[in-house]
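Reader: I am new to this structure and would like to know how its descriptive words are earned. Could we go through them one at a time, each with its cut-off?

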Amino acid sequence: MDSVQKHIFIIGSGAIGKALAVFLKLAGRKVTVIRGRVKDACTTTRRIGIEIQNGVTLEANVKITTLDSLPMIDGIVVLSNKSFGNEQLARALKGRTGNSPIVLLQNGLGIEQSFLDHGYPQLYRCVLFVTSQLINQSNIRFKPVDICPIGIERGNKADLERVVNHLNTPNFRFRSELHLQHIIWKKAIINCVFNSICPLLEIDNGIFHRSQDTLKIARRIIVECINIATAKGIAIRQDEVETGLLRISQLSEGQAISTLQDIRNKRRTEIETLNHEIVRIAEQVHQQDSVRETRLLGELIKLKSELTQNIIDTEVIGKL
């Protein structure tokens, strides 16, 4: 750890952002959580509890504020918000972060592009190997699967190591990784499976190691996505993706995948950066016919999400 401690700003007050904030605070780091989509709200301090293994709960007081309250942000900026907001956020942060490192803790393919386009000088990408679920606004269930690698989108190795050292804690672990693209694609394929099949079945992550029939569907999606990765020059084996899928399934038994949580809470999902992005890339390489099931599942998730939100809108209108 550098002798000069960096203030860590976490944009996104969901389950991942709050869990990371608690672990950092307990490790003695300076942390502020920023509500990415809330404006003109007061700054508060909230006691947040994180349920980890064996029923143990860790608690810390976390400062929570809004982007509008921070004209300048000097430290390490960690994005745990939904990736569909990255273009808007890249514009909002422009000129306010100076040379501060930006670290993306988000799922999907191509999520870094907005920040690259806007010329941010230090940009790092993390592949998450944890599951986190809100019990309520102040309590979270957290399960680690593996150490989360962080790699360089724009920056250098020395700065990457400093970022990793500032973020790493015993319960939410990070490591540096100079060859991240293979891991990004492998995790994106796994996420395409979890974030489409589990919400459609309305079932927890453990389904793939419990049900051979469901695993067979997952294998078809994996094969489709691997074909597109291969066309983009990323060599991935089916067995390594399936092994990763089953490991996550076993270690997050009982947890609901983020897309299922979003649908249940009437929120927009990140399916655009998963199944839909695989389909878009397939069209680029003229292999759109090879991702039919990946496309169908993605379209069904989008429709299910939109229908759920429309039902709520209708209910609200009916009360007016």
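Author: What follows is a set of questions and answers about confidence, burial, cores, rings and backbone angles.

Author: This is a predicted model, in which local features need pLDDT of at least 70 and side-chain atom pairs count only at pLDDT 80 or more, while totals for chains, interfaces and linings use all residues. Residues are numbered from 1 along each chain as its sequence is written, and side-chain values use heavy atoms, with hydrogens and water left out.

Reader: What is the average pLDDT of the protein chain, and where does pLDDT stay under 50?

Author: On pLDDT, the predictor's confidence in each residue from 0 to 100, the protein chain averages 93, and 94% of the residues score at least 70. Over residues 312-320, however, pLDDT stays under 50, and the model has 1 contact for them beyond four places in sequence, a contact being heavy atoms within 4.5 Å. Where pLDDT is low, the predicted coordinates should not be read in detail.

Reader: What makes helix 1 largely enclosed by the rest of the structure?

Author: Helices here are DSSP runs of H or I with at least four residues, strands are runs of E with at least two, and both are numbered from the N terminus. A residue is buried under 20% relative accessible area, exposed over 50% and partly exposed in between, with a 1.4 Å probe and protein chains only. In helix 1, 10 of the 12 residues are buried, so the helix is largely enclosed; among the buried ones are Lys18, Leu20 and Phe23.

Reader: How do you know that the span of helix 1 agrees with what its 12 residues should give?

Author: The expected span is 1.5 Å times one less than the number of residues. For helix 1 that should be 16 Å, and the end C-alpha atoms are 17 Å apart, which agrees.

Reader: Why is Phe172 called buried, and which residues have the most contacts inside the largest nonpolar core?

Author: Phe172 has a relative accessible area of 0%, which is under 20%, and is therefore buried. A nonpolar core is a set of buried Ala, Val, Leu, Ile, Met, Phe, Trp, Tyr and Cys residues joined through side-chain atoms within 4.5 Å. The largest such core has 77 residues, and those with the most contacts inside it are Leu105, Phe172 and Phe174. Helix 5 (residues 181-201) gives the most to this core, with 11 residues. Apart from this core lies another, of 18 residues, including Ile73 and Phe115.

Reader: Why is the pair of Phe23 and Phe172 called edge-to-face?

Author: Rings of Phe, Tyr and Trp (its six-membered ring) pair if their centres lie within 6.5 Å, and planes under 30 degrees apart count as stacked, over 60 as edge-to-face and the rest as tilted. The structure holds 6 aromatic pairs. In the pair of Phe23 and Phe172 the centres are 6.5 Å apart and the planes stand at 75 degrees, so the pair is edge-to-face. Phe23 lies in helix 1 and Phe172 in the loop between helix 4 (157-167) and strand 11 (174-176), so the pair ties together parts that are 149 residues apart in sequence.

Reader: What makes the pair of Phe172 and Phe174 stacked?

Author: The centres of Phe172 and Phe174 are 4.9 Å apart with planes at 10 degrees, so this pair is stacked. Phe174 is itself buried, with a relative accessible area of 5%, and ring pairs link Phe23, Phe142, Phe172 and Phe174 into a cluster.

Reader: How do you know that the charged end of Lys187 sits over the ring of Phe129?

Author: A charge sits over a ring if NZ of Lys or CZ of Arg is within 6 Å of the ring centre and within 35 degrees of the ring normal. The charged end of Lys187 sits over the ring of Phe129 at 5.3 Å from its centre, and Arg268 lies over the face of Phe84 at 4.2 Å from the ring centre.

Reader: Why is Asn54 called exposed, and what is its phi?

Author: Asn54 has a relative accessible area of 78%, which is over 50%, so Asn54 is exposed. Its place is in the loop between strand 3 (44-51) and strand 4 (57-66), and its phi is positive, about 60 degrees, although Asn54 is not a glycine. Most residues other than glycine have a negative phi. Lys266 also has a positive phi of about 60 degrees, but is partly exposed, with a relative accessible area of 36%.
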